[in-house]
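This report describes one structure in plain terms, for a reader who has not met it before. Please look through the sequence and the model below, and then read on.

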Amino acid sequence: MKIRKLTPDSYAKASALLRQAFPRSRYEVQLFEKLHGNGREVYEWVCIHRNSVIAYIAFTKAFEKKKVCGLHLGPLAVHPSMQNKGIGSELVEFALRQEIIKGNTIYVLGDPRFYQRFGFERCTTPICPFDKNNAHFLSIRNNASHRFTVGYEPEFNFKN
C-alpha cells in the first residue's frame with residue numbers, strides 16, 4: 001500500500017472510488033468533478049493497493065469572508081471492501097503531517113468519534129453553514145476567537 005498525491009492519471013479511479021464509498025449520494029463525486037473542472041486548488045492524496053485507488057482524502061480552502069482562514073478536510077473515502085482496517089486513519093495521519101496541511105487550521109464536518117482521535121475538537125467558532133448547531137463540525141489548530149460563518153469553495157453549494 002502506497003500513499004501519493006493524486007495526479008490527473010488517477011482522477012477516474014478516485015472518482016470511481018467516491019461512487020463506491022458513497023453509493024447513496026452523488027454529492028461527493030459531483031464535488032470532486034466540479035472542483036477539478038473549475039481548476040480549484042485541492043490538496044489531495046490517494047492510497048494505492050495493487051494498482052487500485054482504495055482511499056482518498058482532500059483538503060480545500062476555508063474562508064472568512066474572502067480571506068483564506070484554513071482548510072476543509074473532505075471528502076475522505078475508503079473502498080467499502082477495505083473499510084475498518086485502519087486505512088482511513090492512516091491516510092488522515094499521513095495528510096496531517098504534510099507541510100501544507102500542518103501549517104493551517106483544519107476544519108472537518110464528520111463523525112466526532114472518528115476525528116477526535118487525531119486531535120480534532122468540537123468547533124464553536126466559526127459556524128459551519130452545513131451543520132445546524134455545529135454538532136459535527138470540528139477543527140484542529142483553530143485560534144478563531146470571534147464568531148463568523150466559515151466559507152467554502154462555491155462548488156460545495158449545490159444540491160445532491
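Lysine 65 lies in the loop between E3 and E4. The model that shows this is a predicted one. Phi of lysine 65 is near 60 degrees, which is a positive value in a residue other than glycine. Lysine 65 counts as exposed because its relative accessible area is 77%.

**Backbone features**

Most residues other than glycine have a negative phi, and most peptide bonds are trans. Asparagine 51 is not a glycine, yet its phi is positive, at about 65 degrees. The loop between E2 and E3 holds asparagine 51. With 60% relative accessibility, over the 50% cut-off, asparagine 51 counts as exposed. Glycine 39, just after H2, also takes a positive phi, of about 70 degrees.

Two cis peptide bonds can be described as well. One runs from glycine 74 to proline 75, with omega near 0 degrees, and proline 75 is part of strand E4. Another runs from threonine 125 to proline 126, with omega near 5 degrees. Proline 126 sits in the loop between strand E6 (121–122) and E7.

**The sheet**

In what order do the strands of the open sheet follow one another? The order is E1-E2-E3-E4-E5-E7-E6, seven strands with mixed pairing. At the edges are strand E1 (2–5) and E6, each of which pairs on one side only. E2 and E3 run antiparallel and are joined by seven bridges. Tyrosine 43 stands opposite phenylalanine 59, a residue of E3.

**The helices**

H1 packs on the sheet and touches E3 and E4. The direction of H1 makes about 90 degrees with that of E3. Helix H3 (residues 87–96) lies across E1, E2, E3, E4 and E5. H3 runs at about 45 degrees to E3.

Which residues of H2 are buried? They are Tyr27, Glu28, Val29, Leu31, Phe32 and Leu35. These buried residues of H2 pack against H1 and against three strands: E2 (43–49), E3 (52–64) and E4 (67–78). H2 therefore has buried residues in contact with both a helix and strands, since contact here means heavy atoms within 4.5 Å.

**Aromatic pairs**

A pair of aromatic rings is described by the distance of the centres and the angle of the planes. The structure holds ten aromatic pairs. Two of them are set out in the table.

| Pair | Arrangement | Centre to centre | Angle between the planes |
|---|---|---|---|
| Tyrosine 11 and phenylalanine 32 | edge-to-face | 6.0 Å | 85 degrees |
| Tyrosine 107 and phenylalanine 137 | stacked | 5.5 Å | 5 degrees |

The pair of tyrosine 11 and phenylalanine 32 counts as edge-to-face because its planes are 85 degrees apart, over the limit of 60. This pair links distant parts of the chain: tyrosine 11 belongs to helix H1 (residues 11–21) and phenylalanine 32 to helix H2 (residues 27–37), 21 residues apart. Is each ring buried or partly exposed? Tyrosine 11 has 29% relative accessibility and so counts as partly exposed. Phenylalanine 32, at 5% relative accessibility, counts as buried.

The pair of tyrosine 107 and phenylalanine 137 counts as stacked because its planes are 5 degrees apart, under the limit of 30. Tyrosine 107 lies in strand E5 (residues 106–109) and phenylalanine 137 in strand E7 (residues 137–140), so this pair ties together parts that are 30 residues apart in sequence. Tyrosine 107 is buried, at 2% relative accessibility. Phenylalanine 137 is buried too, with a relative accessible area of 0%.

Elsewhere, Phe114, Tyr115, Phe118 and Phe120 form one aromatic cluster.

**Cysteines**

A disulfide is a covalent bond between the sulfur atoms of two cysteines. How many disulfides does the structure hold? The number is zero. Cysteine 69 is in no disulfide, and the cysteine sulfur nearest to its own, that of cysteine 123, is 9.6 Å away. A disulfide needs two cysteine sulfur atoms within 2.5 Å, so the distance of 9.6 Å does not qualify. Cysteine 47 counts as buried because its relative accessibility is 1%.

Methods:
Residues are numbered from 1 along each chain as its sequence is written. This is a predicted model: local features need pLDDT of at least 70, side-chain atom pairs count only at pLDDT 80 or more; totals for chains, interfaces and linings use all residues. Side-chain values use heavy atoms; hydrogens and water are left out. Rings of Phe, Tyr and Trp (its six-membered ring) pair if their centres lie within 6.5 Å; planes under 30 degrees apart count as stacked, over 60 as edge-to-face and the rest as tilted. Helices (H or I, at least four residues) and strands (E, at least two) are DSSP runs, numbered from the N terminus. Buried means under 20% relative accessible area, exposed over 50%, partly exposed in between (1.4 Å probe, protein chains only). Two strands pair if DSSP finds at least two bridges between them. Axes are lines fitted to C-alpha atoms, for helices over the stretch in contact, and angles run from 0 to 180 degrees between N-to-C directions.
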